[in-house]
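The following exercises introduce a protein structure step by step. Please attempt each task before reading its solution.

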Amino acid sequence: QVQLVESGGGLVQPGGSLRLSCAPSISVPNISTMAWYRQASGNERELVAAITGTAGRYGDSVEGRFTISRDSAKNTVYLQMNSLKPEDTAVYYCKVVALRFTFGRLDRREYWGQGTQVTVSS
């Protein structure tokens, strides 16, 4: 069964940087989109960044500070987080969207990581 393995979270001071990574535990063919979401305590889960091919898009709150990238050979997605703010504190979740042909039709499957804690505090 596919599991998304996340790493890179931790405690960092305001203005600092972290890099998150996420990769499926087993090979997943036909990945179309890889993305990062986050959920702060008591808040709804929100999109942080997503990448399809080499095109990235970002949530308004992180644009200009975060960069999403992808290593296609490793099926790994990264989230470089710079200029971190206390309001970035949240559990960050990786999502992978893959296309699958089954029973003669195209289907989309989503996989979610368990989340990694990012805490920005002095």
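A pocket is an open set of grid points with protein on both sides within 12 Å along at least five of seven lines, and its lining residues have an atom within 4 Å of a point. The model examined here is predicted.

**Exercise 1. The largest pocket**

Determine which residues line the largest pocket and which strand gives the most to the lining.

*Solution.*
- Step 1. The lining is made up of Val2, Gln3, Leu4, Val5, Glu6, Trp112, Gly113, Gln114, Gly115 and Thr116.
- Step 2. Sorted by class, these are four nonpolar, five polar and one charged residues.
- Step 3. Strand β1, residues 4–7, gives the most to this lining, with three residues.
- Step 4. The volume of the pocket is about 150 Å³.

**Exercise 2. The strand β1**

Describe how the side chains along β1 are arranged, and identify the strand with which β1 pairs.

*Solution.*
- Step 1. The side chains of β1 alternate: Leu4 and Glu6 point to one face and are buried, whereas Val5 and Ser7 point to the other and are not buried.
- Step 2. Strand β3, residues 18–24, pairs with β1 in the antiparallel sense, over four bridges.
- Step 3. For Glu6, the bridge partner in β3 is Cys22.

**Exercise 3. The surroundings of Arg38**

Establish whether Arg38 is buried or exposed, and which side chains are joined to Arg38 by polar contacts.

*Solution.*
- Step 1. Arg38 is placed in strand β4, residues 31–39.
- Step 2. Buried means under 20% relative accessible area. The relative accessible area of Arg38 is 4%, so Arg38 is buried.
- Step 3. The side chain of Arg38 is joined to that of Glu46 by a polar contact of 2.8 Å, and to that of Tyr92 by a polar contact of 2.9 Å.
- Step 4. Beyond its neighbours within four places in sequence, Arg38 is in contact with further residues, including Val48, Phe66, Glu87 and Asp88.

**Exercise 4. The surroundings of Val118**

State how far apart Val118 and Gly8 are in sequence and in space, and which residues Val118 touches.

*Solution.*
- Step 1. Val118 belongs to strand β11, residues 116–120.
- Step 2. With a relative accessible area of 0%, Val118 is buried.
- Step 3. Val118 and Gly8 lie 110 residues apart in sequence, and their C-alpha atoms are 8.5 Å apart in space.
- Step 4. Leaving out residues up to four places away in sequence, Val118 touches Gly9, Gly10, Leu18, Leu20, Met81, Asp88, Thr89, Ala90 and Tyr92.
- Step 5. Tyr92 thus links two exercises: Tyr92 is touched by Val118 and is in contact with Arg38.

Definitions and conventions. Residues are numbered from 1 along each chain as its sequence is written. This is a predicted model: local features need pLDDT of at least 70, side-chain atom pairs count only at pLDDT 80 or more; totals for chains, interfaces and linings use all residues. Side-chain values use heavy atoms; hydrogens and water are left out. On a 1 Å grid over the protein atoms alone, a cavity is a set of points where a 1.4 Å probe fits but cannot get out, and a pocket is an open set with protein on both sides within 12 Å along at least five of seven lines; lining residues have an atom within 4 Å of a point. Grid points are joined across faces, edges and corners, and a volume is the space filled by probe spheres set on the points. Helices (H or I, at least four residues) and strands (E, at least two) are DSSP runs, numbered from the N terminus. Ala, Val, Leu, Ile, Met, Phe, Trp, Tyr, Cys and Pro count as nonpolar, Asp, Glu, Lys and Arg as charged, and the others, Gly among them, as polar. Buried means under 20% relative accessible area, exposed over 50%, partly exposed in between (1.4 Å probe, protein chains only). A polar contact is a pair of N or O atoms within 3.5 Å; within protein, one must be able to donate a hydrogen and the other to accept it, and residues adjacent in sequence count only if both atoms are side-chain atoms. Contact means heavy atoms within 4.5 Å. Two strands pair if DSSP finds at least two bridges between them.
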